[in-house]
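Visitor: I would like a close look at one part of this model, the place where the two chains meet. Please also cover the empty space that the protein leaves.

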Amino acid sequence: MSTTTVPVTAALALGDDALVLSHRLGEWAGHAPVLEEEVALANIALDLLGQARVLLSMVGDEDELAFLREERAFRNLQLVEQPNGDFARTIVRQLYFSLHQHLLWTELAAGDGPFAPLAAKAVKETAYHVDHATQWTLRLGDGTEESARRMREALDALWKYTGEMFLPVEGLDVDGAALEQRWLAELTAILERAGLSLPEGPRSGAWTAGAGRQGLHTEPFGRMLAEMQHLHRSHPGASW
Amino acid sequence: MVAVTPETGQDRALAAAFEAAVAADERVEPRDWMPEEYRASLVRQMAQHAHSEIIGMQPEANWITRAPSLRRKAILMAKVQDEAGHGLYLYSAAETLGTSRDELLDKLHDGRQKYSSIFNYPTLTWADVGAIGWLVDGAAITNQVPLCRCSYGPYARAMVRICKEESFHQRQGYELLLALSQGTEAQHAMAQDAVDRWWWPSLMMFGPPDDESAHSAKSMAWRIKRHSNDELRQRFVDIAVPQAEALGLTLPDPDIRWNEERGHYDFGAIDWTEFWEVLKGNGPCNEQRITQRRRAHEEGAWVREAAAAHAAKQTRAAAQAHEQAEAQAQEQAGAAAQAPQHEEARV
């Protein structure tokens with residue numbers, strides 16, 4: 001690590017993804033449909049926060065980066081900033097993202113780049129996240145009529161944010177196209193088992209869908225940051 | 001020592017054996033005979049304890065999205081997660097007495113069972129998270145450590161695990177307040193304000209004074225409880241006063257002073273009117289807390305229904321597969337049984 005320079009763009013992109021999704025999952029605390037999910041969602045949020053802290057610390061001070069950057073400086077995917085919605089919306093966001101993250105960490109863990117040490121640990125965490133999202137996709141997709149309808153709505157609504165996950169990121173040494181093929185194959189298999197199908201329509205394109213990596217975000221994100229950063233910004237220079 | 005009305009000689013013998021076991025500090029286990037009143041009293045206490053863990057997530061979760069550093073945010077999320085886990089242990093322990101989590105949650109939601117009155121106070125600043133850790137968890141630990149030796153085995157064992165985690169939370173809360181107390185002027189003021197607001201409600205967590213405590217005598221006789229409310233409250237004050245000094249914060253009670261003769265700190269009178277009002281549902285957040293709990297439950301109903309429907313489908317599919325396999329096996333067995341006859345016929 002000391003001999004390689006940190007790929008700043010990539011570390012920020014991956015760190016912001018984990019930070020922002022962790023925050024969204026933290027919003028579930030005290031609101032989950034069953035107690036076991038209070039535990040599970042917090043558990044995933046904690047794993048992601050841990051990943052975010054390692055990644056942001058590679059670039060600078062984790063708290064400065066999390067609490068003092070403005071919306072336009074964040075590099076996370078638009079997918080992870082999407083509001084929780086109902087439980088189906090949260091599960092679909094987890095399914096789309098965790099599948100991608102698991103493939104990515106697996107590839108990075110196999111290499112010897114600067115992210116390999118973190119990836120070795122994160123790949124185990126995301127395997128659990130994928131399993132959690134898969135199990136719930138099966139239960140909700142192949143549950144009741146209502147749960148299946150909510151899953152279809154969620155799959156469709158978030159579909160346009162999925163293309164961004166495979167765009168090249170400077171400093172991230174992965175084959176995006178190959179990753180995308182594996183992601184599509186795994187996702188298709190899970191959805192089939194759940195009695196659901198792959199949504200149709202574009203997976204990116206319109207500038208609002210898929211520009212998070214350039215610092216262009218969706219409207220709910222600014223409000224999320226306002227809440228997240230308010231206290232830290234109210235006490236400049238204080239330590240906590 | 002225990003009020004039971006055994007109707008038969010066998011019942012009398014069981015009751016005597018129960019009382020002897022409790023008196024000898026033996027553990028009562030789920031399959032053991034126990035007086036109905038003992039069972040009911042335990043269900044009431046364990047359910048209230050479990051509910052407190054679940055409702056208690058709310059005041060702290062209120063600050064997860066605003067935690068001022070990533071380290072503090074991780075600590076707070078882990079703590080709220082632990083509380084959900086404690087709720088799960090306690091509901092499981094209560095289920096060994098013949099009730100169910102669903103039944104207990106229903107009673108919480110419609111107000112037939114209570115949770116700790118402390119969680120009806122609002123968390124207004126970040127420092128409240130520290131004050132809850134130090135004072136509220138501190139009071140809870142003082143109350144709960146003796147429960148690790150409670151006469152009912154499953155409860156005692158749940159408490160061993162819970163107390164370990166609670167002690168950790170308490171130290172983290174204390175450390176959070178220390179950082180604020182030693183921080184900027186504004187942070188110090190925030191810490192002091194939080195302690196001012198949480199001190200008295202924390203003392204009320206030990207329940208009414210001994211002469212007004214409805215369940216105490218029986219709970220102590222049954223060794224569910226080991227010490228009286230006032231004893232535990234005194235123990236907590238004796239621990240908290242020097243800790244406040246170490247924190248560089250004051251406690252909002254001018255009457256606190258060391259009493260050489262008693263070997264304890266004297267302290268001022270508790271506002272019991274406030275305590276009973278909060279208990280009756282008229283505290284600052286009673287309505288908000290129960291409304292959020294009910295809403296989470298109601299909004300999650302379709303998720304639980306889906307999970308149940310999916311599980312039923314899986315069970316049906318497994319049963320069908322099993323039937324098919326059986327039918328196939330029978331067919332083969334039938335064919336095999338017929339085969340020798342053919343052989344015989346041929347011979």
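Guide: What follows takes the contact between the chains, then the cavities, then the largest pocket. The model is predicted, and side-chain atom pairs are counted only at pLDDT 80 or more.

The contact joins 45 residues of chain B to 47 residues of chain A. The size of an interface is often given as the accessible area lost when the parts come together. Here the two chains bury about 3,800 Å² between them, and carbon and sulfur atoms account for 68% of it. On the chain B side, the residues that lose the most area to chain A are B:Thr65, B:Leu70 and B:Trp302, which together make up 20% of what that side buries.

The polar part of the contact can be counted too. Between chain B and chain A there are 15 residue pairs in polar contact, both residues being at pLDDT 80 or more. The count of salt bridges between the chains is 2. One of them pairs the side chains of A:Asp142 and B:Lys313, with an N to O distance of 3.1 Å.

Several helices of chain B build its side of the contact. Helix 3 (57–61), helix 4 (70–95), helix 7 (153–181), helix 8 (185–204), helix 12 (286–299) and helix 13 (301–346) each supply at least two residues that touch chain A. Helix 4 of chain B gives the most, with 13 residues. By class, the side of chain B that touches chain A has 26 nonpolar, 10 polar and 9 charged residues.

Next come the enclosed spaces. Rolling a probe the size of a water molecule over the atoms shows where empty space is left. The structure holds 3 cavities of 30 Å³ or more.

The second largest cavity, with a volume of about 70 Å³, is lined by residues from both chains. From chain A the lining takes A:Leu25, A:Gly26, A:Trp28, A:Ala29, A:Glu37, A:Glu38, A:Leu41 and A:Ala42, and from chain B it takes B:Met57, B:Ile64, B:Met77 and B:Val80. Helix 1 (8–26) and helix 2 (35–59) of chain A, together with helix 4 of chain B, give two or more residues each. Helix 2 of chain A gives the most, with 4 residues. This lining has 9 nonpolar, 1 polar and 2 charged residues.

The largest cavity holds about 100 Å³ of space. Its lining includes B:Glu60, B:Arg72, B:Lys79, B:Trp126, B:His169 and B:Gln172. Helix 4, helix 6 and helix 7 of chain B each supply at least two of the lining residues. By class, the lining of the largest cavity divides into 5 nonpolar, 4 polar and 3 charged residues.

Last is the largest pocket, with a volume of about 1,200 Å³. It is lined by 45 residues, and the closest to its centre are B:Gln45, B:Gln48, B:Asn143, B:Met205 and B:Gly207. Helix 2 (36–55), helix 6 (127–144), helix 7, helix 9 (216–221), helix 10 (229–247) and helix 11 (272–282) of chain B each supply at least two residues of the pocket lining. Helix 2 of chain B gives the most, with 6 residues. The pocket lining divides into 17 nonpolar, 17 polar and 11 charged residues.

Two helices of chain B recur in this account. Helix 4 touches chain A and also helps to line the largest cavity. Helix 7 touches chain A and supplies residues to the linings of the largest cavity and the largest pocket.

How values were computed. Residues are numbered from 1 along each chain as its sequence is written. Chains are lettered from A and ligands numbered from 1 in the order in which they are written. Side-chain values use heavy atoms; hydrogens and water are left out. Contact means heavy atoms within 4.5 Å. Buried area is the accessible area (1.4 Å probe) that two parts lose on being put together, summed over both. A salt bridge is a side-chain nitrogen of Lys or Arg within 4 Å of a carboxyl oxygen of Asp or Glu. A polar contact is a pair of N or O atoms within 3.5 Å; within protein, one must be able to donate a hydrogen and the other to accept it, and residues adjacent in sequence count only if both atoms are side-chain atoms. Ala, Val, Leu, Ile, Met, Phe, Trp, Tyr, Cys and Pro count as nonpolar, Asp, Glu, Lys and Arg as charged, and the others, Gly among them, as polar. On a 1 Å grid over the protein atoms alone, a cavity is a set of points where a 1.4 Å probe fits but cannot get out, and a pocket is an open set with protein on both sides within 12 Å along at least five of seven lines; lining residues have an atom within 4 Å of a point. Grid points are joined across faces, edges and corners, and a volume is the space filled by probe spheres set on the points.
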